[in-house]
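Dear colleague,

I am passing a structure on to you, since you have not worked with it before. Please have a look at it first, and then read the notes underneath.

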Amino acid sequence: MAEITEPLIAANQPPPDFDPETMRKTKPGLKRLILTVSVLFSFILGVPLIYKSVEIYRAPLPFLEIDSLSGEIDSNPLLFPCRFQAILVGFDSESSIASLESSILHQMTELTRQTPQCGTCSPNHSVSVVLDPDDHPLLGAVDFDGDDEAVDEALDEALEAVSRGGWGSGSKGEVYTVVVVNRGGDEARAVVGKNRNAWIVGRVSEEEAVAKAAEVFVKVFVNGGKEEGLIHGEFMPVGADGTVVLSFNLLNADPRDWVYDWDFQTVDTTLLALIIEAMKPVANISVESQVLYHVPKSSLSYWDDKWDSYIFSTKDLPFFVNSNEWHLDTSIAAGGRSKMLHFVVYIPSAKECPLLLQLPDGQISTTNSFISPMWGGVIVLNPQTCRKDSESKRPSRHTIMHEDLQKVFEVFMGQFRQLFSFRSDNLYVGASGTYNLLPSEKGFTVWELDVLSRMHTCFNLHSCATTLGSLSRLVQSLPRMIIKDEIGKQVKYSLEAAKLAQTNASLGIYDASAVSSRQARSLAEDAFFHPSIMSVSYYSFEHCFAVYSPFFLPVSMHVILAALREWRRYKKEHKKYLVWKAKMKHAS
């Protein structure tokens, strides 16, 4: 009988229940997956390199401190501590010192605005009243009947000795003193000295003494003799960098008639040096001069038989300066942030000599000059004789005499004071009478410099806070703006100078607060107008993405899709392999 056997299955052939769609006998390879993932990771690793290549360096700025400074200056106006002292001599008063101090404080409150203005004295005034002259025996050495200059000097020495004796020691702010001497005779005469003192001598009642002292304290020593007490905006012609350039120009309208020259160096060393030194806390002043020829004015003049002169009126002043012919901005500071003030001496030609300025009331100007706010002033200087030497072919040459030049610079000084919002004359007319203001050879008295320092500090801090606030908003609105370390340091130092100015102001150190505020404003302006900020056009991150995406996005998408497709293929094949292993394990 024959043996029946089952057919053998070849080893290299899959079993009859093997499904190649769902199974595989070998483990799927990783070569394709590793290659694809390597390409993908190379692209991913390149992203930081690309980001680094387009990264913008930004130095950190103290945004919170900037906002704090702006908020503090806007909400709390900068006020200075001031001390006032009234010395009443020759009064048989039954009122107590406390009641007199209260009366003066009440009068000062009536004269002060309800809302304290930035740059003025704090409404919490410190007032001291002395009735008995025995309390101030040193005032007995002051002869109030003498010359005002001598009285001012003697009174200042006496009050300085008294202050060393202890009044107000440890208090903040400068001391402003009014001495009222009551005695029989003529009507009271009031004088405000060069320093921080004034005196009233004559027949004065106690009520008048209180009213006059309060008015001098508020209207003169605090407000500077100005009606408003504060000028809004850029109240003084000082550049953003804290400098002022005084440009003195001698203009010969027609040198074919005559040529005038001047010895400016003498005036610069004798007169201007004192002014420059006195104004140092407020501004750094530099001086330059030049002589120009063939520079006629733009406006027309007419002959007036009444005055026997050529006349130009105040209506012609806007057209007097010939900007096309008067090349005054020759300084290197003209293109910077410094402020230039032009002072012009205009020598008219023989065709319109003498040339006089007629005021709106029909009278002739005594100084024959005018000012242009924030620009400067002009003086028309007529030659001593307006007759031209017709026989001479060459023009006659003259040098302005020293006496005439000194008068010219006295007019310039009055114009300079007007540009800083002070009076050019020496009188202040108030509600309680007329006060004689002693002029100073420095151009500004000590109490006027105090007013300038306070106002200048206020304006500089406002300007500093505004500039830093604008810079802060600009930087935060442009995330890709380059901020160099130098800008960060300038902002930091500006904030420190502003804080120092506020501290000095609270302590009543006027000069130091003005200097610090000027530095704060200058540094803020330097940071805002830094060349690295102004010279680059900034764009947003979206713009950067739109520029670079056409280069990398198409390739990146193909690489990512290939990696995903390969990953799905590997998972599918690996699953087939696992199914085959499970079946073989079950079969065994």
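The notes below deal with the aromatic rings and their partners.

Please keep in mind that this is a predicted model. A search of the whole structure finds 27 aromatic pairs, and two of them are described here.

In one pair, the ring centres of Phe320 and Phe370 lie 5.5 Å apart with the planes at 75°, so the arrangement is edge-to-face. Phe320 belongs to the loop between β10 (309-313) and β11 (339-347), whereas Phe370 sits in strand β13 (residues 369-372), and the pair therefore ties together parts that are 50 residues apart in sequence. Phe320, at 0% relative accessibility, counts as buried, and Phe370, at 10%, also counts as buried, because the cut-off for that term is under 20% relative accessible area.

Another pair, formed by Phe416 and Phe444, is likewise edge-to-face, with 5.9 Å from centre to centre and 65° between the planes. Here Phe416 is part of helix α7 (residues 402-419) and Phe444 of the loop between β17 (433-437) and α8 (446-477), so that distant parts of the chain, 28 residues apart, are linked. Phe416 has 4% relative accessibility and counts as buried, as does Phe444 at 1%.

Phe416 and Phe444 also belong to a cluster linked by ring pairs, whose members include Phe248, Trp262, Phe264, Phe343, Phe409, Phe412, Phe420 and Phe422.

Finally, a charged residue meets a ring in this model: Arg454 lies over the face of Tyr510, at 5.3 Å from the ring centre.

With best wishes

Definitions and conventions: Residues are numbered from 1 along each chain as its sequence is written. This is a predicted model: local features need pLDDT of at least 70, side-chain atom pairs count only at pLDDT 80 or more; totals for chains, interfaces and linings use all residues. Side-chain values use heavy atoms; hydrogens and water are left out. Rings of Phe, Tyr and Trp (its six-membered ring) pair if their centres lie within 6.5 Å; planes under 30 degrees apart count as stacked, over 60 as edge-to-face and the rest as tilted. Helices (H or I, at least four residues) and strands (E, at least two) are DSSP runs, numbered from the N terminus. Buried means under 20% relative accessible area, exposed over 50%, partly exposed in between (1.4 Å probe, protein chains only). A charge sits over a ring if NZ of Lys or CZ of Arg is within 6 Å of the ring centre and within 35 degrees of the ring normal.
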